[in-house]
Amino acid sequence: MNFVNNIENSFYPEIYSQSLSLNTDLSLCLFKKVKLARYVLAVKGFDSNLDIKTQIANARKSIRQQTSAMWLFKEIGAYIVFVCDELPDLKESQLEIDRTGFHAVIVQGVHLVSKSGVHLFNHTKWRNYSFGDTESIASRLVSSAI
């Protein structure tokens with residue numbers, strides 16, 4: 001069983017109610033709807049030849065295509081997980097997340113997870129409070145890698 005399958009088994013169907021069939025370059029796209037809000041956990045391979053900003057922008061575009069997200073009408077909150085063999089030399093602050101909701105795909109968290117379980121992430125938070133059960137998501141991702 002590979003790492004992407006481990007992530008899917010860890011989050012679907014307990015946390016995310018749907019595993020969307022893929023028509024983009026994502027490795028996995030899990031979906032859930034809570035009242036009027038929509039969320040995805042998307043997994044994508046890390047490309048060491050591209051900078052992280054470009055990869056986050058590419059993932060946002062893929063998620064928008066996959067979910068038909070539209071700003072103002074069908075926004076979607078996203079956790080983006082990049083799977084890599086070895087963790088690149090990046091800092092948490094380089095994993096840019098959205099500070100506003102003015103996007104069709106609102107990046108709420110970016111994770112880099114190596115196959116050895118080393119993990120770097122950045123999530124939306126206000127002061128010391130993080131949103132969307134981020135600590136649980138982070139620990140599940142690490143345990144999926146091991």
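I count a residue as exposed when its relative accessible area is over 50% and as buried when that area is under 20%. Glu14, at 61% relative accessibility, is therefore exposed. The model I am reading is a predicted one.

**Entry: salt bridges**

I looked for salt bridges and got a count of 4. I wrote up three pairs.

I started from Glu14, whose side chain meets that of Arg140 in a salt bridge, 2.9 Å from N to O. Arg140 belongs to helix H3 (residues 134–145) and Glu14 to the loop between helix H1 (3–11) and E1, so this pair ties together parts that are 126 residues apart in sequence. I also noted that the charged end of Arg140 sits over the ring of Phe11, 5.9 Å from its centre.

Next I took Lys44 and Asp25, which form a salt bridge with the closest N and O atoms 2.6 Å apart. This pair links distant parts of the chain, with Lys44 in strand E3 and Asp25 in the loop between E1 and strand E2 (28–34), 19 residues apart. Is Lys44 buried or exposed? Lys44 is buried, because its relative accessible area is 10%. Asp25 has 46% relative accessibility, so I put it down as partly exposed.

The third pair I noted is Arg60 with Asp98, whose side chains meet in a salt bridge at 2.9 Å, N to O. Arg60 is in helix H2 and Asp98 in the loop between E4 and E5, so the pair ties together parts that are 38 residues apart in sequence. Asp98 has a relative accessible area of 9% and is therefore buried.

**Entry: the sheet**

I then followed the strands. I found 6 of them in an open sheet, in the order E1-E2-E3-E4-E5-E6, with mixed pairing. Which strands stand at the edges? They are strand E1 (18–19) and strand E6 (119–123); each has a single partner strand, so one side of each is left without a neighbour in the sheet.

E3 and E4 run parallel and are joined by 7 bridges. Here I met Lys44 again, since its bridge partner in E4 is Phe82.

Strand E5 (residues 105–114) and E6 run antiparallel, with 5 bridges between them. Leu112 has Leu120 as its bridge partner in E6. The hairpin of E5 and E6 has 4 residues between the strands, and in it Gly117 takes a positive phi near 100°.

**Entry: aromatic rings**

I searched the whole structure for aromatic pairs and got 3. I wrote up the pair of Phe46 and Phe82, which is edge-to-face, with 6.4 Å centre to centre and 80° between the planes. The two rings come from distant parts of the chain, 36 residues apart: Phe46 is in the loop between strand E3 (37–45) and helix H2 (52–67), and Phe82 is in strand E4 (residues 76–84). Phe82 is buried, because its relative accessibility is 0%.

I also checked Tyr39 and found Lys32 over the face of its ring, at 5.8 Å from the ring centre.

**Entry: surface patch**

Last, I looked at the outside. Which residues make the nonpolar surface patch of about 630 Å²? They are Met70, Trp71, Leu72, Phe73 and Phe102. Leu72 is placed in the loop between H2 and E4. With a relative accessible area of 51%, Leu72 passes the cut-off of over 50% and so counts as exposed.

Key: Residues are numbered from 1 along each chain as its sequence is written. This is a predicted model: local features need pLDDT of at least 70, side-chain atom pairs count only at pLDDT 80 or more; totals for chains, interfaces and linings use all residues. Side-chain values use heavy atoms; hydrogens and water are left out. Rings of Phe, Tyr and Trp (its six-membered ring) pair if their centres lie within 6.5 Å; planes under 30 degrees apart count as stacked, over 60 as edge-to-face and the rest as tilted. Helices (H or I, at least four residues) and strands (E, at least two) are DSSP runs, numbered from the N terminus. Buried means under 20% relative accessible area, exposed over 50%, partly exposed in between (1.4 Å probe, protein chains only). A charge sits over a ring if NZ of Lys or CZ of Arg is within 6 Å of the ring centre and within 35 degrees of the ring normal. Patches are made of residues with over 30% relative accessible area and no salt bridge: like charges are joined within 9 Å, nonpolar side chains (Val, Leu, Ile, Met, Phe, Trp, Tyr) within 5 Å. Accessible areas come from the Shrake-Rupley method with a 1.4 Å probe; for residues, only the protein chains shown count as cover. Two strands pair if DSSP finds at least two bridges between them.
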